[in-house]
Amino acid sequence: MKTKRHDWTKEEIQAIYNQPLLELVHQAATIHREWQRPNEVEVATLLSIKTGGCTEDCSYCSQAARYHTDIKVQALLPTDVVMKHAEKAKNNGATRFCMAAAWREVRDNRDFDRVIDMVKGVNDMGLEVCCTLGMLTESQAVRLKEAGLHAYNHNLDTSEEYYNEVISTRNFDDRINTIGHVRKAGITVCSGGIIGLGETHADRIAMLTTLATMEKHPESVPINALARVKGTPLENNPKVDVWDMVRMIATARIVMPGAMVRLSAGRIEMTETEQAWCFMAGANSIFTGERETLLTTPNPGVSEDMQMFQNLGLKPLVKQQPVVS
Ligand code: SF4
């Protein structure tokens with residue numbers, strides 16, 4: 001019987017992470033085949049419904065108001081515009097539609113009422129709806145759930161120890177609290193992190209340990225490579241090594257076998273061969289973007305991704321398989 005473990009120690013995860021790369025990928029690929037349909041990849045579309053002007057200071061983010069980036073600030077989009085984007089995403093084969101607003105936290109105001117309408121509308125189209133709106137209270141999570149929200153994205157970003165080096169306007173516990181509110185409301189959790197922030201391997205392992213020891217693993221675990229945006233404090237960080245991405249994805253797959261592991265930001269800088277390694281290591285979800293952007297940074301376009309799927313013998317996941325817990 002397949003069982004998920006929630007009692008991983010940092011040392012155990014470190015031992016998995018530090019294996020010779022080919023051994024690690026082989027182990028991850030084997031587990032991937034036991035738990036998932038390896039030729040199916042979830043295709044999600046991400047739309048920024050409110051862009052820029054954020055009061056937080058996440059040092060990787062182009063949308064923080066305090067950094068001088070080329071971002072075009074955009075107030076909350078009208079609901080009918082969002083519906084048109086969702087319809088188009090559905091026609092392009094997306095099964096999940098994610099809406100992102102650059103807010104520190106959700107406020108109980110008319111903008112939130114509009115987001116609730118958007119969630120209802122996209123849900124009625126038969127798409128899985130996901131939102132990322134910043135910090136949430138328990139009652140706001142319940143409202144989103146009642147509107148039909150399927151998943152809420154709230155990344156840990158990095159380890160608890162390194163968190164304050166990256167963001168000073170909130171702390172790691174704030175993240176954990178919002179994830180708790182989302183869980184309690186019965187919404188599935190999408191939570192992962194970013195590599196390339198200047199963190200150590202120990203930080204990456206610590207972040208994976210936090211995720212893999214949650215009472216319930218996040219249903220989706222995005223692994224992002226830093227998109228080095230001009231004007232942000234991290235613009236001159238070195239490019240993330242593809243083998244570091246493969247190592248993170250493989251480790252995430254082994255310790256959270258039932259999760260959708262998403263190859264997220266940074267894909268634009270990867271060749272098809274490098275992405276194939278990530279799929280081999282257990283990634284089974286991607287964002288593919290209309291307007292060819294992932295929020296505000298470039299991402300491969302839909303047709304490019306479908307060509308890659310064809311080349312690799314992959315197909316978009318139609319319906320998520322049930323996972324034994
Ligand atoms: S990552 Fe989110 S919370 Fe942080 S600055 Fe960007 S939009 Fe704001």
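Visitor: Where does UniProt, in an unreviewed entry, place the feature "binding site" that includes Cys 54?
Guide: The structure above is a predicted model, and the annotation comes from the UniProt record rather than from the atoms. In the model, Cys 54 has its place in the loop between E1 and H3, and Cys 58 has its place in the loop between strand E1 (40-50) and helix H3 (79-91). The record places this feature at Cys 54, Cys 58 and Cys 61.

Visitor: Is Cys 54 buried or exposed?
Guide: A residue counts as buried if 20 or more other C-beta atoms lie within 10 Å of its own. Leaving aside its neighbours within four places in sequence, Cys 54 is in contact with Gln 63, Ala 64, Ala 65, Ala 102, Trp 103 and Arg 104. Cys 54 has 23 other C-beta atoms within 10 Å, and so the residue is buried.

Visitor: Which residues is Cys 58 in contact with, leaving aside its neighbours within four places in sequence?
Guide: Cys 58 counts as buried, because it has 23 C-beta neighbours inside 10 Å. Its C-alpha atom is separated by 13 Å from that of Arg 175, although the two residues are 117 residues apart along the chain. With the neighbours within four places in sequence left aside, the contacts of Cys 58 are Ala 64, Val 166 and Ile 167.

Visitor: How many residues of each class, nonpolar, polar and charged, does the shell around the ligand have?
Guide: The residues that surround the ligand are Cys 54, Glu 56, Cys 58, Cys 61, Gln 63, Ala 64, Ala 102, Arg 104 and Gly 134. Sorted by class, this shell comes to five nonpolar, two polar and two charged residues.

Visitor: Why can Cys 98, Cys 130, Cys 190 and Arg 262, which UniProt lists for "binding site" in an unreviewed entry, be said to gather at one spot?
Guide: The list itself comes from the UniProt record, whereas the distances come from the model, and the listed residues span 165 residues in sequence. They nevertheless gather at one spot, because no two of their C-alpha atoms are more than 13.9 Å apart.

Visitor: In which strand does Cys 98 lie?
Guide: Cys 98 is buried, with 27 other C-beta atoms within 10 Å. Not counting residues up to four places away in sequence, Cys 98 touches Ala 44, Thr 45, Leu 46, Cys 130, Thr 132 and Asn 153. The element that holds Cys 98, running over residues 96-101, is strand E2.

Visitor: How many C-beta neighbours does Cys 190 have inside 10 Å?
Guide: Cys 190 lies in strand E5, which covers residues 188-190. When neighbours within four places in sequence are left aside, its contacts include Cys 130, Asn 153 and Pro 218. Cys 190 counts as buried, because its number of C-beta neighbours inside 10 Å is 28.

Visitor: Around what arc do the buried residues Gln 140, Ala 141 and Leu 144 lie in helix H5?
Guide: Helix H5 covers residues 138-147, and Gln 140, Ala 141 and Leu 144 are buried in it. An α-helix has 3.6 residues a turn, so residues three or four places apart point the same way. The buried residues of H5 pack against helix H4 (110-124), strand E3 (128-132), E4 and helix H7 (172-184). They are on the same side of H5, because the arc they cover around the axis is only 100 degrees.

Visitor: What is the phi of Asp 157, which is not a glycine?
Guide: The place of Asp 157 is in the loop between strand E4 (151-153) and helix H6 (163-166). Asp 157 is buried, with 21 other C-beta atoms within 10 Å. Although Asp 157 is not a glycine, its phi is positive, at about 75 degrees.

Visitor: What is the radius of gyration of the protein?
Guide: The secondary structure comes to 11 helices and 12 strands. The globule rule gives 20 Å for 325 residues, and the value for this protein is close to that, so the protein is as compact as a globular protein of that length. Its C-alpha atoms fill a box of roughly 50 × 40 × 35 Å along the principal axes, and its radius of gyration is 18 Å.

Methods
Residues numbered from 1 in each chain as written. Predicted model: local features only at pLDDT ≥ 70, side-chain atom pairs only at ≥ 80, totals over all residues. Helix = DSSP H or I, 4+ residues; strand = E, 2+ residues; numbered from the N terminus. Buried ≥ 20, exposed ≤ 12 C-beta atoms within 10 Å, placed from the backbone. Rg over C-alpha atoms; globule rule 2.2 N^0.38 Å. Near = placed C-beta within 6 Å. Nonpolar A, V, L, I, M, F, W, Y, C, P; charged D, E, K, R; others polar. UniProt positions renumbered as here; feature names shortened; annotations may be inferred. Contact = placed C-beta atoms within 7 Å. Arc of directions from axis to C-beta.
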